[in-house]
Amino acid sequence: MPVKLKLTYLSIIVLFFTSRVQAQQSSFINDVNYPFLEKLIATAKKNYPEVKARQSQVNAAKGLYNSTVFSWLEGVTASYIYSPQNSINLSQPTIFKGYQIAISLNIGQMFSRPGAIRQAKETYKVAEYQQAAYLLTLEAQVKRFYFAYLEAQAELRLRANAVIDAETAVKQLKYAFQKGETTFQIYNEQLNSLYNQNSFKVQAELATFTAKTNLEELLGTKLEDVK
């Protein structure tokens with residue numbers, strides 16, 4: 001094998017191992033910003049429509065409970081009769097004069113109230129538990145989408161670096177091929193590799209935008225607007 005061809009292969013091999021080292025250093029773990037993640041979670045809890053719907057359910061259940069607590073008064077009926085001191089009613093003679101207050105109780109309704117109050121209270125508690133459970137689910141989903149977005153960004157960086165390396169290798173092999181220091185087959189294989197790396201980069205770009213869109217759906221706003 002000619003010396004120049006060996007040098008060309010050696011430079012490409014060095015380029016390949018350099019890419020491997022860059023890949024090992026492209027972990028997204030160091031990109032995780034936990035204070036920013038907490039802001040994302042708070043934003044989702046504030047803006048996401050399902051959270052507002054759950055809060056409305058809690059408010060409705062609380063209102064029903066409060067109205068049920070005071071509904072025992074519906075079983076009590078109060079009335080009054082006024083008989084002037086100097087008047088005589090021969091058709092309905094009265095013993096007491098002045099104002100007379102009468103209170104009637106609906107016993108059946110009074111006994112049914114405790115059960116209705118307990119049921120309304122349990123409905124209120126269920127609404128609160130469901131809201132708390134959903135907030136935990138939403139928080140976990142925001143974390144998953146945030147980590148997926150960081151992963152997609154890291155993958156995109158890898159693919160972008162791979163494209164740069166492939167372009168550099170193509171340039172080197174093209175120069176070597178033009179000088180007769182390598183074969184067309186080797187040069188063509190590197191061209192195919194460059195095409196594949198560009199294809200992988202496009203897929204990584206799509207994955208990044210998809211992950212960002214998924215996260216912004218929960219946030220109810222643009223990711224850049226979260227400060």
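Me: Gln 190 lies in helix α5 of this predicted model. Why does Gln 190 count as buried?

Reply: The cut-off for buried is under 20% relative accessible area. Gln 190 has 15% relative accessibility, so it counts as buried.

Me: What does Gln 190 touch, leaving aside residues up to four places away in sequence?

Reply: Its partners are Ala 166, Ala 169, Val 170 and Leu 173.

Me: Which other residues of α5 are buried?

Reply: Besides Gln 190, the list includes Tyr 187, Leu 194, Gln 197, Ala 204 and Thr 208. Further along, Ala 211, Lys 212, Leu 215, Glu 216, Leu 218 and Leu 219 are buried too.

Me: How do you know that the reach of α5 is close to what is expected for a helix?

Reply: Helix α5 covers residues 184-219, which is 36 residues. The expected span is 1.5 Å times one less than the number of residues, and for α5 that gives 52 Å. From first C-alpha to last, the helix reaches 52 Å, so the value sits close to the expected one. Just after α5, Gly 220 takes a positive phi of about 75°.

Me: Happy with that! Now, why is Ala 42 called partly exposed?

Reply: Partly exposed is the class between under 20% (buried) and over 50% (exposed). Ala 42, in helix α2, has a relative accessible area of 46%, so it belongs in that middle class. Its C-alpha is separated by 8.6 Å from that of Glu 139, although the two residues are 97 apart along the chain.

Me: What makes α2 and α3 oblique to each other?

Reply: The two helices pack at an angle of about 55°, with their axes 5 Å apart. Roughly parallel would need an angle under 35 degrees, and roughly perpendicular runs from 65 to 115. The angle fits neither class, and therefore α2 and α3 are oblique.

Me: Which residues meet where α2 and α3 pack?

Reply: Ala 44, Lys 45, Lys 46 and Asn 47 in α2 meet Pro 49, Val 51 and Lys 52 in α3. By class, this contact has three nonpolar, one polar and three charged residues.

Me: Good to know. Where among the elements is the mean pLDDT lowest, and where is it highest?

Reply: Helix α1 (residues 3-24) has the lowest mean, 49, and helix α2 (residues 34-47) the highest, 96. Over residues 3-10 the pLDDT is below 50, and this stretch has 11 contacts in the model beyond near neighbours in sequence. Where pLDDT is low, the predicted coordinates should not be read in detail. For the protein, the mean pLDDT is 80, with 70% of residues reaching 70 or more.

Key
Residues are numbered from 1 along each chain as its sequence is written. This is a predicted model: local features need pLDDT of at least 70, side-chain atom pairs count only at pLDDT 80 or more; totals for chains, interfaces and linings use all residues. Side-chain values use heavy atoms; hydrogens and water are left out. Helices (H or I, at least four residues) and strands (E, at least two) are DSSP runs, numbered from the N terminus. Buried means under 20% relative accessible area, exposed over 50%, partly exposed in between (1.4 Å probe, protein chains only). pLDDT is the predictor's confidence in each residue, from 0 to 100. Contact means heavy atoms within 4.5 Å. Axes are lines fitted to C-alpha atoms, for helices over the stretch in contact, and angles run from 0 to 180 degrees between N-to-C directions. Angles under 35 degrees count as roughly parallel, over 145 as roughly antiparallel, 65 to 115 as roughly perpendicular and the rest as oblique. Ala, Val, Leu, Ile, Met, Phe, Trp, Tyr, Cys and Pro count as nonpolar, Asp, Glu, Lys and Arg as charged, and the others, Gly among them, as polar.
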